[in-house]
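Biologist: I am new to this structure and would like a close look at one part of it before moving outwards. Could you take me through it step by step?

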Amino acid sequence: MKPHPFILHTSCAALLSASLPPVSHAAPPSEPLTEIVVTATREGELLKETPASIGSLKSSAIRFAGATHPQQLLGQIPGVAISVTNGEGHQTAIRQPFTTSPLYLFLEDGIPVRPTGFFNHNALYEVNLPMAGGVEVVRGPGSALYGSDAIGGVINVLSQAPGNSREMTLNTEAGSYGWLREMASFSSGNTRFGRVRGDLNLTHTDGWRSATGYDRQSGNFRWDVEVDADTRLQTIFSYTHIDQQTGANSALPFDLYRNAPQTNLFPIAYRKVTALRLSSAFERSFGDGLLSLTPYFRKNSMDLNGSFNLNNDPRIEKTESRSFGLLAKWRQDFPEFFRARLILGLDLEHSPGSRSEDALTPARSDVRGLPFVGGGAGATGAYTQYTAYTVGSRIYDYDVTFRSVSPYLHSEISPVEKLRLTGGLRFDSLGYELENHLGSSPTSHGSTKYGQAVSTTKNFQRLSPKLGFTYEITPKNSLYGSYNQGFRVPSESQLFRGGSNASAAVAQSRAANALLLEPIKADQLELGLRGTQSGIDYSLAVYALRKRNDLVSQRDPLTNAAITQNAGKTLSRGVEVSLGRTLVRTLKIETSLSCARHEYTQWKGKDSSGNAFDYSGNEMSAAPKLLANTRLTWTPSPALTTQLEWVRIGGYFLQDSNGPTTRGTDTGITRYDGYHLLNLRGSYQLCKNASVFGRVLNLANTRYADSASVSSNTAVYSPGLPRTYFAGFEVSF
């Protein structure tokens, strides 16, 4: 029996304060040209005067999506795709293939989540994304402003600002496979001490595959103080702890992928992560000038038994880093001189860290119950399951300190009213200092030797320019173009963890060669158009991104050892489109589309077996040409919002050779065809301060792979989430 509206309203009013703003999960509007974005220049700028491809998501979109993984949210931005590895772990594809390489920079309120050199491709799980105040993604290189790692793109997660009134919000949801999430927020409102906001996220899941559960605890605190009309302080504290079993991306041969997708070949793998960040931004205006000083501290630690290591280099890794940094800048506006703006900045960072590794001897079996067969022809290969392990000897143990001194310049000017020109230049002086506690002689575990780097220093310097323009065609349409350079220095593990070999001399040679690595470099040309035409909100971008000095497997001519050298070149070209239109008053359609080709232009070397290869001209593996996300949002009343989402990830080659597999149940496979998914979301506002919501992911229960590749010459697939249900409620006091 349906309750009378008066009874329902009265019941809610008795429980909840009527003076607070209503809970709303309405889907966000499209981005107007009057939108203010901050990531491209570290300053609030009109989108129409920013010569970069920027996609943004507001807090309303983040809350409505209710994402349990970044994949379910960031794919709404054109040219952005996230794949699931394990728990909230991920690989990112922004103008690059899906990769774990350090080609992206992850920020929280403009501060890198991790220090350069200690990159983690999963870094978004160290941010409380479901409770963020917004996300901005700059596609393409951003090194002229942010330095190393910003090649494919920059993802900046913005904190939620405290409200002007006092309120508390509780959000509870449950779902399939033991999913539970509790989120709570508190805002103090305006007080004599400023405004304060706190957020708490407690998440648990059993995982839909065997031994793939995880827990997270995240907390955020933000304190905004208006000292006077010209001065403000903003202090932010973030903490995240994650404990997860990491076999969720366990790739399976086709027969298991289709018939037993819950199978986990790596049940012994785990990952434990702790991330803490504290920053305090001071800003003071001096007429047309602004001084900004942001000191920060962060601490990252990880205890890892990586599933990806068990096949060829089993080990437990423990890494830790602490960072002490300062972001300083002076902005000067010249409103009477062609609206000119000049920003002078200096980024400083000192990040001591450490790495220790203990070798493992894993116990293995054949997941089909067949007798286990060792290496060579007839090996168990892709059906190997790792069931237990014993810890062996210490193979790496060193302290490493990363430091950086990076001045930069950003300028803007409008020589005519509708034209805005920008230019920038950044100089990065980066370096590592290594203290190896195991000396310079190879360590051993059984018959395997691990090369050691001598205690040393390694320094890099890089000058990164950028040029751009925007032109207002009409008040509602603008054109932009840019040239940007990007780079990324080798990580500490690439430099100082030289690798292993059965020969001590070869292992040591590999360690010596690793110290010769140089930065990867990138150049991008881009042209774009955005605005509103005939009721359609749109953006269009075309780009060409070249990488040089990329890392390619080679053979040392003296020792014949497998090494990595800066010898590769790649080219990525693409078109990115976003469209949004209100079809009728209650119905809106939005779509994001990317069509790209990623290829090797120079990629020659020798693999670990000594076989020569030349992939020049080939498409890169794990590089879908097509990325699409379309959302149909129906709002029949202010209280009810529903959304149907279609996700398309295009096909891609499984191997860089673009050749067929030679073993397994689907011998001869060269490509994975990609997948289509349907997701359904909805929310209903019961009364002014209470709402219920629900989601169904993979509505059609499609069997798909989050990633596909080749293992032991066999095509293997990491099964994606089947049909999954979530439901919950939110109340405000």
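To begin with one residue, which residues does His-437 touch, not counting residues up to four places away in sequence?

Modeller: Happy to. This is a predicted model, in which local features need pLDDT of at least 70, side-chain atom pairs count only at pLDDT 80 or more, and totals for chains, interfaces and linings use all residues. Residues are numbered from 1 along each chain as its sequence is written, and side-chain values use heavy atoms, with hydrogens and water left out.

With those neighbours set aside, His-437 touches Asp-397, Tyr-398 and Asp-399, where contact means heavy atoms within 4.5 Å. With Asp-399 there is also a polar contact of 3.0 Å between the two side chains. That term stands for a pair of N or O atoms within 3.5 Å; within protein, one must be able to donate a hydrogen and the other to accept it, and residues adjacent in sequence count only if both atoms are side-chain atoms.

To place His-437, look in the loop between β21 (419-436) and β22 (443-445). Strands (E, at least two residues) and helices (H or I, at least four) are DSSP runs, numbered from the N terminus. His-437 counts as partly exposed because its relative accessibility is 40%; buried means under 20% relative accessible area, exposed over 50%, and partly exposed in between, with a 1.4 Å probe and protein chains only. For a sense of distance, Leu-654 is 217 residues from His-437 in sequence and 40 Å from it in space, C-alpha to C-alpha.

Another partly exposed residue is Phe-469, at 26% relative accessibility, and it belongs to strand β24. Apart from residues up to four places away in sequence, Phe-469 touches Pro-51, Leu-419, Arg-420, Leu-421, Leu-479, Tyr-480, Gly-481 and Leu-527. Its C-alpha lies 9.2 Å from that of Glu-412, with the two positions 57 residues apart in sequence.

For a buried residue, turn to Thr-231, whose relative accessible area is 6%. Thr-231 sits in strand β14 (residues 231-245). The side chains of Thr-231 and Arg-284 are joined by a polar contact of 2.3 Å. Beyond its neighbours within four places in sequence, Thr-231 is in contact with Val-225, Glu-226, Phe-282, Glu-283 and Arg-284.

Two loop residues have a backbone feature to note. Ser-534 is not a glycine, yet has a positive phi of about 55°; it lies in the loop between β27 and β28 (536-555) and is exposed, at 60%. Ala-622 also has a positive phi, near 55°; its place is the loop between β32 (612-614) and β33, and it is buried, at 17%.

Now to the interior. In soluble globular proteins, nonpolar side chains tend to be buried together. A nonpolar core here is a set of buried Ala, Val, Leu, Ile, Met, Phe, Trp, Tyr and Cys residues joined through side-chain atoms within 4.5 Å. The largest has 51 residues, and Leu-74, Phe-106, Ile-155, Tyr-432 and Phe-496 touch the most other members. Strand β20 (residues 384-416) gives the largest share of this core, five residues. Separate from it is another core of 27 residues, including Leu-256, Tyr-257, Tyr-383 and Val-647.

Helix α7 (residues 504-514) has its own buried residues: Val-506, Ala-507, Ser-509, Ala-511, Asn-513 and Ala-514. The N-terminal end of α7 is capped by Ser-503, with a side-chain oxygen 3.3 Å from the backbone nitrogen of Ala-505.

Finally, the empty space. A cavity is a set of points on a 1 Å grid over the protein atoms alone where a 1.4 Å probe fits but cannot get out, and lining residues have an atom within 4 Å of a point. The whole structure holds ten cavities of 30 Å³ or more, and the largest contains about 700 Å³. Its lining has 50 residues, of which His-69, Gln-71, Gln-72, Val-84 and Leu-721 are closest to the centre. The second largest cavity holds about 260 Å³. It is lined by 28 residues, with Ala-40, Ala-52, Pro-141, Lys-466 and Asn-484 nearest its centre. Among the elements that give two or more residues to this second lining is β24 (457-474), the strand in which Phe-469 is found.

Note on methods: 1 Å grid on protein atoms, 1.4 Å probe; cavity = no way out; pocket = protein on both sides within 12 Å on 5 of 7 lines; lining within 4 Å. Points joined across faces, edges and corners; volume = space filled by probe spheres on them.
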